[in-house]
Amino acid sequence: MKIGIVNLGCPKNIVDTECMLATLGEFSVTISPRDADAIIINTCGFLKAAREEAEKNIEEMLAYIKFNKALKVIVAGFYVTKDKQKLIEKYPQVYAWVGVNDIKNMKKALEGGGVYINSYPYIATYRERSVVLNTYSAYVKISDGCNHRCAFCLIPSIKGAYRSRTLADIVKETLVLTNSGIKEICFISQDTTHYGRDIYKTAKIGPLLSAVMGKIKKKFWLRIMYLYPELSVIKDIVAQMKKDSRICRYFDIPFQHVSDKILKSMKRGYGKKEIFEIIKYIKENLPDAEIRSSFITGYPGESEKEFKELLEFIKEGYVDKAGFFAYSDEREAASYALTGKVNKKTAENRRKLLALAYEKFCESNNKKHIGKIKEVLITGREKKGFLKGRTAQNAPDIDTYVLVKTGKKTLSEGFCKVRITKSEKFDLIGELAWK
Ligand code: SF4
């Protein structure tokens, strides 16, 4: 059985795709739709842009049926659960539909077609995860669902309530992955900070990190993504990072905005004061740590005043890395009912202004790395004589790279020391210091 894969959306979807594949038994992956027995498209549908991307991919893959009559196109994921009726009517040629919480049914869907959209809360365990699409870096989902009710977000209504995997199960999966040669594990969830509160009645991310690092003795990186801004839990994480340098000093904390007025309207449960307390705590305790965040522009009620507050925050470089998104007005979200809507063009212009300010900040901030020796995880070849890698402060699929000049030396995926010789707007350039 030859399977083609189209994975859309964020790393959480990569794990879901891997879990779907793990249900299939024997199969091989093909990159040629003309050659495939089936193509699985795992969609995102959180924002309009993601839904448009999903539809474009569905249409592209359905077009191959003309050349490959037996091709089964299976559409799965968030968008399927969100808009099932509309999609089923629009694309009758799709062989099977699999909802975001129905991963276990992928084998049935592949064998017999049909619709599998039950939306019962689901979280994969390590036994269902025997497939990893990357040879050096893997995402491990420690929980799914979300108990927050951010006004702009549809995730809790589609994915359901927060559900943690057991600590022992996550340790086991991490051990299996590192034993199989994976060099970097990224813990992901909708809200990593909340981990354990549902099943252990208390936040357990600190004990989870301690258990993983205690069990695994070999060299690897552990990275924690998607932290909700909550200082008490971030303190636990900082304490673990101080104990074990294999935990990347990297904080991915989506603040979404910095204006108290907007944060309140978003129902985020914190304000600007708490954001500054978190940043101060991290920078004082781990000066080499880097903070990534994401921000929404054009949220209802965002006037020039609130936008400038955010722009100043970015210009001042309070966060080291950032992503910016223009507000998407989703009919099913609570924020849809808000007044003070910002027009799309303004929201997009503000996004571009933030991106520009961030670019300028990066260009000057990157210079501080020149002359330093950094540990780099080599991830592949870039161009002749250069390899591509990342430092512990750069996450896969989202952050920037270090281009390593190797000359005639060959080097495989793995860790090495690199002296940074030059900085570009985003990437760093360096040469091997020692292996
Ligand atoms: S924390 Fe907020 S933005 Fe994130 S998934 Fe939960 S509700 Fe959505």
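This is a short tour of a predicted model, moving from a parallel sheet to a ligand site, a buried arginine and two loop residues.

**The sheet**

Start by selecting the six strands that form an open sheet in the order 2-1-3-4-5-6, with parallel pairing. At its edges are strand 2 (28–29) and strand 6 (114–116), each of which pairs on one side only.

Next, select strand 1 (residues 2–7) together with strand 3 (residues 38–43). The two run parallel and are joined by five bridges. To pick out one bridge, label I3 and its partner A38, which is in strand 3.

**Two helices across the strands**

Add helix 1 (residues 11–22), which lies across strand 1, strand 3 and strand 4 (72–77). Its direction is at about 145° to strand 3. Then add helix 2 (residues 48–62), which also lies across strand 1, strand 3 and strand 4. The angle between helix 2 and strand 3 is about 175°.

**The ligand**

Move to the ligand and display the residues around it: C146, H148, C150, F152, C153, I155, P156, Q190, Y228 and R268. Coloured by class, this shell shows seven nonpolar residues, two polar and one charged.

**R292**

Select R292, in strand 13 (residues 290–297). Is R292 buried or exposed? Its relative accessibility is 7%, which is under the 20% limit, so R292 counts as buried.

Now show what R292 touches beyond four places away in sequence: Y250, F251, D252, I253, K321, A322, G323, I398 and D399. Two of these contacts can be checked with a distance tool. The C-alpha atoms of R292 and F251 are 6.0 Å apart, although the two residues are separated by 41 positions in sequence. Between the side chains of R292 and D399 there is a polar contact of 2.8 Å.

**Two residues with positive phi**

The last stops concern the backbone. Most residues other than glycine have a negative phi.

Select K201, in the loop between strand 10 (184–188) and helix 8 (205–215). K201 is not a glycine, yet its phi is positive, at about 65°. With a relative accessible area of 67%, K201 is exposed.

Finish at K267, which is found in the loop between helix 10 (260–266) and helix 11 (272–285). Phi of K267 is also positive, near 60°, in a residue other than glycine. Its relative accessibility of 55% is over the 50% limit, so K267 counts as exposed.

How values were computed: Residues numbered from 1 in each chain as written. Predicted model: local features only at pLDDT ≥ 70, side-chain atom pairs only at ≥ 80, totals over all residues. Heavy atoms only, no water. Near = heavy atom within 4 Å. Nonpolar A, V, L, I, M, F, W, Y, C, P; charged D, E, K, R; others polar. Pairing = 2+ DSSP bridges. Helix = DSSP H or I, 4+ residues; strand = E, 2+ residues; numbered from the N terminus. Contact = heavy atoms within 4.5 Å. Axes fitted to C-alpha atoms, helices over the stretch in contact; angles between N-to-C directions. Buried < 20%, exposed > 50% of the residue type's maximum accessible area, 1.4 Å probe, protein only. Polar contact = N/O pair within 3.5 Å; in protein donor to acceptor, adjacent residues only side chain to side chain.
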